[in-house]
Amino acid sequence: MKENGRIKLMLPTLVAAVGVLGIAITVPQTAKPTLPDIQVEPPKTLGSPDNTSYAKAFPDEYTSWKRTEEAKENTKYAGSGFRDYLADHPELCVLWAGYPFAIEYNAPRGHYHALEDLYKTGRRNEKTPATCYSCKSPNVPTAMARDTVRTFYGNKFDHYIGEMKNPIGCADCHELKTMKLQISRPGLIEGYKAMGKDITKATKEEMRSLVCAQCHVEYHFKGQGKYLKFPWDFGLKAEDFDKYYDTIGFSDWTHAISGAKMVKMQHPDFEVFQQSLHGKRGVSCADCHMPSETKGGKDVTDHQIQSPLYNVDKTCANCHNWTPDQARERVYEIQDRNREMLNRAQRVLTSAHLEIGDAMKLGATDEELLPVRKLVSKAQMYWDYIAASNGMGFHAPQESARVLGKALDIAQECRLKTQALRMKHGATGDVEQPDISSKAKAQAYIKPFVEAAAKAAAAAAPGKPPRG
Ligand code: HEC
Ligand code: HEC
Ligand code: HEC
Ligand code: HEC
């Protein structure tokens with residue numbers, strides 16, 4: 001929506017895989033439909049991955065891009081400074097017990113730091129797949145074009161350490177020479193195809209969000225080959241992801257306390273944003289995160305991609321008749337409400353895991369536990385669809401509230417059923433609440449559960465390498 005009057009629907013009605021659903025009816029109940037396996041190569045006209053090589057030709061864009069390096073004082077919920085989510089909300093360690101996010105989970109910083117932050121994360125080890133580079137460097141499409149996409153994902157992270165040198169930059173979003181916006185990542189092209197859509201037909205306006213959707217989306221690593229896949233076959237809503245992961249029988253890990261099979265959402269920014277009024281009215285990511293100015297008769301886009309709250313006079317005020325204070329207040333009001341819903345859901349989900357863990361201690365069988373484990377897993381997935389997406393609810397306020405309401409409802413249903421199970425097995429009171437009031441205390445609390453779960457997993461599958 002760069003020019004007024006060019007408001008367009010970003011994503012017309014999603015063509016869900018109707019044929020696939022049709023098959024589901026004719027096969028026995030236990031069999032799941034197989035989803036089509038779509039694989040493409042990166043585009044032919046890749047730009048140079050070296051960001052500095054564009055400095056001379058495009059000084060304004062290059063200089064502002066380089067400023068994503070700046071550290072800044074944080075805004076209330078986001079910003080370009082450091083933020084340790086686990087320290088702010090220690091109960092997250094319980095929600096992710098047995099998964100690397102319980103070890104370290106920090107707020108995103110500017111694009112300039114993407115590679116450096118990846119190299120130093122405590123969540124990486126020698127088994128980490130190269131797939132992890134996918135959203136960090138313009139060297140990725142070049143390596144994919146040379147090695148093939150499938151081989152790239154199949155290789156280990158360490159295989160490309162010398163080669164992945166440039167942080168997110170020009171060639172991630174632009175074609176060589178013409179500097180036209182371009183999709184350099186096969187994952188997004190495949191995600192679009194899975195919805196029955198052709199990304200080469202996207203409008204110029206849509207491209208101002210789609211370049212971001214190469215990375216700011218939900219994804220998972222599919223199969224042994226760690227193939228990067230967006231769960232978009234049924235659409236972009238939380239319910240569509242639920243159905244997708246259920247159909248392929250995918251889980252990221254088994255919860256160390258409750259034994260539930262869990263799915264971790266990544267950062268479905270694009271998907272959540274599509275559900276909002278801004279999204280439906282064709283406002284693009286770039287409208288708020290990359291405002292443009294006329295300079296010497298030419299449009300110059302600010303490439304310092306950051307929180308729009310640092311420059312509301314150029315972002316919100318470009319379309320809304322608000323003072324900077326009014327704009328910020330609007331955002332904070334929406335975010336405070338979302339934060340409150342998130343907190344409530346986190347408390348209830350924490351209790352649900354602890355109560356299932358207690359039912360296990362009391363002797364409930366796996367068969368008895370299956371329904372409640374399914375409920376806690378589903379509730380946490382819905383919560384995470386919002387929790388993991390950036391913007392603290394601003395990107396789609398109403399949808400965020402709806403999905404968090406659903407998460408709370410399912411989590412409470414889980415707790416009621418678990419309570420009945422505990423009673424059946426002789427429980428006399430509530431589960432004692434552990435002291436998880438700091439990150440260190442919460443991590444210490446989950447440690448014995450994580451160790452016991454790892455031991456049990458090793459005993460159940462000898463010779464199978466631990467999950468990387
Ligand atoms: C209508 C304006 C608007 C649009 C359009 C928009 N955003 Fe945002 N975005 C915001 C606001 C406001 C925040 C919250 C910033 C804060 O709290 O400091 C935000 C936050 C973010 C953050 C976290 C920033 C940080 O500092 O950690 C990311 C990442 C993000 N948006 C990505 C996107 C993507 C990707 C799209 C398109 C799919 C998009 N946004 C569309 C307004 C917008
Ligand atoms: C190649 C992948 C990729 C693309 C393309 C991409 N991003 Fe990002 N973005 C990231 C990653 C990774 C981070 C976190 C970097 C870190 O924390 O080190 C990030 C961080 C951000 C942040 C937080 C910045 C801050 O200062 O806290 C914002 C805002 C953002 N992206 C918006 C966008 C928008 C808008 C687009 C499209 C115009 C976009 N991104 C395109 C991968 C990408
Ligand atoms: C995350 C995606 C992204 C990255 C990274 C990126 N750009 Fe852009 N660039 C955009 C978007 C979006 C526009 C606006 C295009 C439009 O409206 O059609 C743009 C516009 C431009 C333009 C057209 C003139 C203008 O300023 O609007 C030039 C030139 C340009 N970028 C150069 C660069 C250079 C050089 C780099 C690397 C230093 C770079 N871009 C990195 C997304 C990106
Ligand atoms: C490119 C233009 C554009 C930009 C930039 C923009 N908006 Fe909007 N905004 C719109 C449009 C269009 C609507 C929908 C108006 C309608 O249909 O009634 C809207 C609606 C809203 C609404 C009402 C949403 C609802 O669900 O009822 C809020 C709040 C809002 N904008 C806040 C912001 C804030 C805060 C920023 C800056 C971070 C911002 N907008 C940036 C165009 C924009």
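Which helix gives the most to the shell around ligand 2? The close-ups below come from a predicted model, and the first one has the answer.

**View 1. Ligand 2 and the residues that surround it.** Here's the answer: α14 gives the most to this shell, with 3 residues. It isn't working alone, though, since α5 (114–120), α8 (170–173), α10 (204–213) and α14 (285–289) each put in at least two residues. There are 24 residues around ligand 2, and the ones that come nearest are Ser80, Pro108, Asp117, Cys212 and Cys215. Sort the shell by class and you get 12 nonpolar, 8 polar and 4 charged residues.

**View 2. Ligand 4 and its own shell.** Now we move to ligand 4, which has 17 residues around it. Look for Leu277, Arg281, Asp287, Cys316 and Cys319, as these come nearest. Two or more residues apiece come from α13 (277–280), α14 and α15 (324–361). The largest share, 3 residues, belongs to α15. As for the mix, count 10 nonpolar, 4 polar and 3 charged residues. If α14 rings a bell, that's fair: it supplies at least two residues to the shell around ligand 2, and it turns up among the elements giving two or more to ligand 4.

**View 3. Helix α11 packing with helix α16.** A pair of helices is described by the angle between their axes and the distance between the axes, so let's start there. For α11 (residues 238–248) and α16 (residues 366–387), the angle is about 135° and the axes are 10 Å apart. That makes α11 oblique to α16. Their crossing is right-handed. Zoom in on the contact and you'll find Ala238, Phe241 and Asp242 on the α11 side, meeting Lys378, Met381, Tyr382 and Tyr385 on the α16 side. The class split for these contact residues is 5 nonpolar, no polar and 2 charged.

**View 4. The hairpin of β5 and β6.** Strand β5 covers residues 292–295 and strand β6 covers residues 298–301; they pair in the antiparallel sense, over 4 bridges. To get your bearings, find Glu293, which stands opposite Val300 in β6. Just 2 residues sit between the strands. One residue to pick out in the turn is Gly296, with a positive phi of about 55°.

Technical notes
Residues are numbered from 1 along each chain as its sequence is written. Chains are lettered from A and ligands numbered from 1 in the order in which they are written. This is a predicted model: local features need pLDDT of at least 70, side-chain atom pairs count only at pLDDT 80 or more; totals for chains, interfaces and linings use all residues. Axes are lines fitted to C-alpha atoms, for helices over the stretch in contact, and angles run from 0 to 180 degrees between N-to-C directions. Angles under 35 degrees count as roughly parallel, over 145 as roughly antiparallel, 65 to 115 as roughly perpendicular and the rest as oblique. A crossing is left-handed if the near helix is turned anticlockwise from the far one by less than a right angle, and right-handed if clockwise. Two residues are in contact if their C-beta atoms, placed from the backbone, lie within 7 Å. Ala, Val, Leu, Ile, Met, Phe, Trp, Tyr, Cys and Pro count as nonpolar, Asp, Glu, Lys and Arg as charged, and the others, Gly among them, as polar. A residue is near a molecule or strand if its C-beta atom, placed from the backbone, lies within 6 Å of it. Two strands pair if DSSP finds at least two bridges between them.
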